[in-house]
Amino acid sequence: MQMPARFTDWFAARDWTIHPHQTALMARANAPALLLIAPTGGGKTLAGFLPSLAEIAQNPAPGLHTLYISPLKALTADIRRNLGTPIAEMGLPIRVEDRTGDTSQTRRRQQRADPPHILLSTPESLALLLSYEDAPRIFAGLRRVIVDEVHALAESKRGDQLMLGLARLSRMCPGLRRVGLSATVEDPAALGRFLAPYPDPCAIVTADPGPAPDIAMLDTGTPPPWSGGGGRYAIPAILEQVARHRTTLIFHNTRAQAELFFRDLWLANDDALPIAIHHGSLSREAREKVEAAMATGALRAVVCTGSLDLGIDWGDVDLVIQVGAPKNVKRLVQRIGRANHRYSAPSKARMVPANRFEVLECHAALAAVRAHDLDGAPRGPGPRDVVCQHILASAAAGPFAADALYAEIITAGPYGDLPRAQFDACLEFVATGGYALRAYDRWQRLKQGPDGRWALRDPRTARQIRMNLGTIVAAEMLKVRMRPARGGGAPLGEIEEAFAATLTPGDTFLIGGRIVRYEGLRDMVVEVSRAATKTPKIAVYAGTKFATSTQLAERILAMMQGPDWPDLPDHTAHWLALQRQVSRLPSRDRLLVESFAHDGRAHLCVHGFAGRNAQQTLGLLLTQRMEAAGLAPLGFVATDYATLIWGLDEIPDPAALLDAGGLRAAFEGWLAGNAVMKRTFRSAAVIAGLIERNSPGRRKTGRQATFSSDILYDTLLKYDPDHLLLDITREEAMKGLVDFARIEDMLTRVRGRVDHVRCARIPPLAAPLLLEAGRIPVHGSAEERLIEAAAARLMQEAGLG
Amino acid sequence: MNGHDFTLAGARLTACPSGALWWGAAGVLVVSDLHLGKAERLARRGGALLPPYDTAETLSRLEGDIAATAPRVVICLGDSFDDDTAASTLAPDIATRLMQLAAGRRWIWIAGNHDPGPVALGGTALAEWQHGPLTFRHIARPDARAEVSGHYHPKMRLNLAGRRVARPCFLADPSRVILPAYGAYTGGLALDAPVLDALMGPEAMAIVLGPRAHALPMRRATGPAPRPRRDSCG
């Protein structure tokens with residue numbers, strides 16, 4: 001397809017050049033599957049829409065023509081506004097609407113009855129639409145699907161669910177074309193396979209990446225602290241940068257750190273520069289206000305988290321500051337791309353390590369960015385809990401034949417290799433629970449009709465199924481609002497329920513940059529008031545903690561093996577030199593284990609460099625083995641680089657504890673009873689539909705489906721250890737929160753070469769771990785002893801002893 | 001047994017770590033809120049199909065306690081069945097196991113709010129039962145003395161030097177004892193719930209379950225946040 005004259009005129013009138021990749025997408029508008037890889041600011045989204053606009057302009061028949069899917073609700077609203085401009089100015093007869101969880105019921109009903117030409121939505125809203133019986137009518141005539149930020153979707157189950165949805169759409173609408181829009185990724189071909197109908201090819205268009213970014217460490221004057229995060233020591237230097245630029249994005253890795261940083265930034269903001277905060281735990285109203293202010297250029301800086309990794313381009317951002325180690329080179333490159341005030345000018349970014357270890361990681365990341373060396377792990381097979389939910393949603397849409405559904409599912413990229421037996425097991429689970437004990441007729445959610453098709457046993461449960469669609473399983477959150485004089489107070493955001501449970505009336509915490517006082521819990525809403533205090537308790541938000549990528553960890557190890565470190569700041573070089581003198585430096589093919597006494601406890605530090613999640617799992621496994629050996633471990637703490645364990649007794653032979661066979665056996669046995677596995681199970685159980693988050697009538701009371709999933713896990717393990725959900729949980733355990741795969745990698749890398757160094761004093765590399773937050777207690781015999789001691793003490797205090 | 005001994009109205013009682021209450025002198029074993037057939041009731045309602053092992057799990061615990069104590073009387077203190085249908089449609093193997101447990105001893109089903117109807121499984125169905133100084137009923141009465149009840153599923157949240165532990169517990173004061181839920185699929189109610197606070201006297205103790213039963217003052221060391229009962233599948 002040629003660019004219509006109306007379009008070229010419009011571009012010319014605005015004095016815009018049409019980017020080559022925008023022309024390319026028009027030229028290849030008929031490709032069945034097309035992936036555009038372009039940096040931020042390249043007019044990627046418009047490129048995706050141009051063929052749709054041209055086609056609808058040519059033939060403005062009513063009905064849905066293009067479905068646009070974005071991972072962010074906010075994005076759909078922005079896109080609607082942004083498309084409005086060319087449509088209005090070119091006088092195109094095109095109707096664009098968005099549909100997300102925020103869309104009103106009335107509007108949604110209208111959309112189902114009379115769909116717009118272009119519908120902007122999210123994976124969850126699409127799954128919901130497809131679960132209605134009239135889905136074929138809603139989507140009749142659909143020609144194109146645009147998947148925005150497909151690189152981000154591909155990293156989560158939301159992407160798997162979306163691809164199952166697209167497989168359904170392709171079956172309903174023969175000839176449907178798919179377009180994916182992606183930021184720079186390490187393996188475009190793999191992303192193409194994810195997007196395209198399996199096993200068809202995917203055409204790939206790569207846009208000009210633009211000039212190399214201007215990226216460096218921020219000169220802060222003072223060295224970073226030994227441990228912790230947040231980078232508050234760098235506030236003066238950062239404020240200076242903000243003052244010198246038009247708009248700065250200050251990225252943090254966690255919400256809690258962003259909050260603390262924001263508060264201290266304002267305390268130091270003597271010039272009262274307009275600076276705001278934006279993260280996923282703030283109320284929608286608060287976030288929208290910041291986004292609107294950004295769009296009009298009213299803000300000089302925004303302190304933010306991954307919530308601004310994606311989203312529309314704010315034209316005026318001319319500096320990105322990354323506070324804390326980036327953990328992942330690809331994400332860093334994408335964040336740098338946010339400073340894209342001119343597509344043709346280099347993006348400018350500065351990095352602020354939050355502690356000494358992060359100095360190393362930041363330097364490693366700098367080198368990787370300069371070498372265009374992106375990281376990323378290959379995607380495993382599509383997760384089966386998502387298949388279970390898809391089957392349930394299919395049943396909500398109406399009776400289905402198992403053969404046809406299977407044939408459809410394996411046209412989704414992530415499920416191209418799904419064996420029929422696995423699909424059948426998922427169907428069995430959805431239909432009857434899939435339990436080894438086949439006891440009762442009553443255990444039937446789906447029933448097979450006389451024609452062999454599967455249908456809901458009770459059609460009224462469709463509503464409940466629809467209420468539980470989606471693959472985002474977050475920690476349970478409670479809304480926070482100001483305690484009102486009367487009526488409803490202003491909503492501030494959300495905090496984790498687990499955090500709320502630790503609050504006592506009068507406690508203070510930070511949210512949205514404000515310190516508030518906890519007043520009480522009413523109707524499952526945390527009520528707070530303004531507080532004048534200066535030292536808040538810190539909200540522990542659910543913000544994901546990313547693990548340092550394998551590639552970055554290896555670069556750090558390589559760096560440590562250098563003879564000296566002229567590129568590193570003196571304080572860091574000195575620290576490494578001291579470590580080399582007192583103990584040794586970790587290397588890629590050996591495992592350094594140090595033991596030392598501190599504070600009356602025996603300490604063991606394992607420098608595995610396997611990433612936060614794997615190091616945490618290693619801590620759980622090692623302490624379990626220690627408990628079994630009677631070594632009375634008390635607890636451990638893990639960072640991306642090491643695990644520190646403390647206990648009552650010294651470990652005579654750590655190498656024996658770290659023996660690969662023993663660790664694998666421990667892993668198998670340990671699947672049984674620990675919190676991380678239980679969390680993994682819970683998430684799979686929620687997605688697969690065993691645990692319902694929402695049910696009709698329950699939303700109002702705020703009671704959540706927390707019928708303890710731990711009990712279900714324990715029961716399955718005891719009575720039905722081969723159950724599908726346990727199998728899925730084990731599979732998940734290899735990645736994600738448990739990440740045993742990286743322990744395996746580390747063991748393979750090291751091949752038994754464990755260096756045990758006994759240190760008379762605290763070795764330099766291990767020292768920061770002593771200050772690290774997030775200590776995890778070992779629930780072993782020690783816990784019973786503690787309860788016993790506490791009981792005795794409290795009874796005595798109460799005069800009951 | 002790793003139980004905790006205490007006295008109520010002169011009766012020497014043992015709070016077992018399993019959640020059962022043992023009155024050794026009278027040969028009486030008390031369990032509360034078994035909620036047998038809970039997963040099945042939920043399946044019947046058309047929702048999620050929970051693992052159908054809860055009833056077997058609860059029974060095997062009870063078998064363990066009965067084997068250990070050899071009671072002359074077993075009292076199920078109400079909500080023994082998740083609803084009346086669950087009581088009447090027990091799987092044959094489960095019914096057989098219950099019969100075997102009841103053989104050779106007195107078995108008393110106290111009515112609960114989930115299972116108000118009489119039970120067709122043998123034993124005696126009663127609204128409440130008096131034995132010696134003690135009265136056994138499902139839901140505690142504020143003005144009662146020497147009362148043994150269940151219903152509330154009390155659960156204690158402990159903060160032990162940064163460790164957060166939540167475990168089912170007995171509540172006991174000079175007037176009454178409230179039993180924890182014995183059933184496998186049961187949630188709990190935190191001790192700072194106003195209803196528990198109002199029922200229990202100032203000297204009330206919480207006897208926390210675990211490998212051993214530990215007694216603590218009820219109003220010390222509890223988690224502070226007031227929370228609704230977390231038993232949403234029920």
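**The contact between domains 3 and 5 of chain A**

A:Glu731 and A:Arg384 are joined through their side chains by a salt bridge, with 3.1 Å from N to O; the term denotes a side-chain nitrogen of Lys or Arg within 4 Å of a carboxyl oxygen of Asp or Glu. The model is predicted, so that local features need pLDDT of at least 70 and side-chain atom pairs count only at pLDDT 80 or more, while totals for chains, interfaces and linings use all residues. Residues are numbered from 1 along each chain as its sequence is written, chains are lettered from A in the order in which they are written, and side-chain values use heavy atoms, leaving out hydrogens and water.

Chain A is assigned domain 1 (5-206), domain 2 (214-370), domain 3 (384-467), domain 4 (477-530) and domain 5 (583-784), with bounds from an automatic or database domain assignment. In the contact (heavy atoms within 4.5 Å), 17 residues belong to domain 3 of chain A and 18 residues to domain 5 of chain A.

Between domain 3 of chain A and domain 5 of chain A, about 1600 Å² is buried, 54% of it from carbon and sulfur atoms; this is the accessible area (1.4 Å probe) that two parts lose on being put together, summed over both. On the side of domain 3 of chain A, the residues losing the most area to domain 5 of chain A are A:Arg384, A:Asp385 and A:Met467, which together make up 41% of what that side buries.

Between domain 3 of chain A and domain 5 of chain A, 3 salt bridges are counted.
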